[in-house]
Amino acid sequence: MTQNIYDEEEFFTAYSRLERSVHGLDGAPEWPSLRALLPELRGRRVLDLGCGYGWFCRFARDHGASSILGVDVSSRMLERARELSSDTDSHSNSDTTGDTISYLRADLETVDLPTDAFDVAYSSLAFHYLTHLSALFERVHASLTPGGSLVFSIEHPIVTAAMDPGWIQSENGARRWPVDHFADEGSRTTNWLAPGVLKQHRTTGTYLNSLIRAGFTIAHVEDWMPTKEQVAARPEWAEERERPLFMLVAALSRRA
Ligand SMILES: C[S@@+](CC[C@H](N)C(=O)[O-])C[C@H]1O[C@@H](n2cnc3c(N)ncnc32)[C@H](O)[C@@H]1O
């Protein structure tokens, strides 16, 4: 059963203080790399899976997407998304209207997606919460037009593997990230932002092979870590170069 932790007070409040919640895409250090994987958005119909506050929905609108559907299971995240989207309608550079973005409260584990309805599907940091990801990949594939794109980020399998994740300090002061139980796919309970947050671990091979089986060609895979330039600007990110925090993937529908 879906946990919907983003609707719980303690988690929602802690999440709202993160830099990416305050500053949006500019507060997400992986955004420049993820953005580089996106196809042209102008005139395209866009689907954002696990849209949260809707930062990407508004980016797509401001870059000329003809329609955007943001889907999320959390009513609190969607409430904020709607507030932010109506705030920006009046001073957006876009010539599109406030109707360009629609938000839908639905669980990605079961959501019905219309067939042949989108040119671009996107997801940032939502898929590692899902138990039945292969089934979603199949539904996303059917909802894309032939040759359509799926671009997404997830927590990297190296990060999700450990049963008790968190940095370990060795005697000489070096910090190490534990990798254990890598082969044992399934639920992990973590204490990120609040106790008892459920995430799903799967191997890199499982992610990529599920996409291939669903009918996608893999176009790009990235073990995301901050660049040296980013670390020079933000020294506190240095430890994120010890192991990849996120995996970024771009895939294309093989349907002709
Ligand atoms: C880390 S947040 C990312 C939000 C947004 N994509 C972003 O990058 O700003 C993960 C989002 O995925 C949503 N989510 C998690 N599990 C979900 C599910 N089963 N169905 C729909 N949304 C889900 C959460 O509610 C949350 O808004």
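Me: Helices (DSSP runs of H or I, at least four residues) and strands (DSSP runs of E, at least two residues) are numbered from the N terminus. Between which two elements does the loop that holds E30 lie?

Reply: This is a predicted model in which local features need pLDDT of at least 70 and side-chain atom pairs count only at pLDDT 80 or more, while totals for chains, interfaces and linings use all residues. Residues are numbered from 1 along each chain as its sequence is written, and side-chain values use heavy atoms, with hydrogens and water left out. With that numbering, the loop of E30 runs between α2 (19-23) and α3 (31-35).

Me: Is E30 buried or exposed?

Reply: The terms rest on relative accessible area with a 1.4 Å probe and protein chains only: buried is under 20%, exposed is over 50%, and partly exposed is in between. E30 has a relative accessibility of 2%, so the residue counts as buried.

Me: Which side chain does that of E30 join in a polar contact?

Reply: A polar contact is a pair of N or O atoms within 3.5 Å; within protein, one atom must be able to donate a hydrogen and the other to accept it, and residues adjacent in sequence count only if both atoms are side-chain atoms. Once neighbours within four places in sequence are left aside, E30 is in contact (heavy atoms within 4.5 Å) with several residues, among them L125, W224, F246 and L248. The polar contact of E30, at 2.8 Å, is with the side chain of R20.

Me: What is the sign of phi at L125, and what is its approximate value?

Reply: L125, one of the residues that E30 contacts, sits in the loop between β4 (118-124) and α6, and counts as buried because its relative accessibility is 16%. Most residues other than glycine have a negative phi. L125 is not a glycine, and yet its phi is positive, at about 60°.

Me: Which leucine in the loop between β8 (186-190) and β9 (197-201) has its place there, and what is its phi?

Reply: The leucine is L193, which is partly exposed, with a relative accessible area of 24%. Although L193 is not a glycine, its phi is positive and about 75°.

Me: How many residues surround the ligand?

Reply: A residue is near the ligand if one of its heavy atoms lies within 4 Å of it, and the closest are G50, D72, D107, L108 and S124. The shell divides into twelve nonpolar, five polar and two charged residues, where Ala, Val, Leu, Ile, Met, Phe, Trp, Tyr, Cys and Pro count as nonpolar, Asp, Glu, Lys and Arg as charged, and the others, Gly among them, as polar. The number of residues surrounding the ligand is 19.

Me: How much of the ligand's own accessible area does the protein cover?

Reply: A ligand nitrogen atom is 2.7 Å from a polar backbone atom of G50, and a ligand nitrogen atom is 2.8 Å from an N or O atom in the side chain of D107. A ligand oxygen atom is 2.6 Å from an N or O atom in the side chain of S124. Of the 590 Å² that the ligand has accessible on its own, an area taken from the Shrake-Rupley method with a 1.4 Å probe, the protein covers 93%.

Me: Which residues of helix α4 are buried?

Reply: Helix α4 spans residues 55-62 and is mostly covered, with six of its eight residues buried. G64, which follows α4, has a positive phi near 90°. The buried residues in α4 are F56, C57, R58, F59, A60 and R61.

Me: Which backbone oxygen does the side chain of S143 reach?

Reply: S143 lies in helix α6 (residues 133-143) and is buried, with a relative accessible area of 1%. Beyond its neighbours within four places in sequence, its contacts are L47, L113, P114, T115, D116, A117 and F118. At 2.9 Å, the side chain of S143 reaches the backbone oxygen of V140.

Me: Why can the protein be called as compact as a globular protein of its length?

Reply: The protein has nine helices and eleven strands. The globule rule, 2.2 Å times the number of residues to the power 0.38, is set against a radius of gyration taken over C-alpha atoms. For 256 residues the rule gives 18 Å, and the protein is as compact as a globular protein of that length because its radius of gyration is close to this, at 18 Å.
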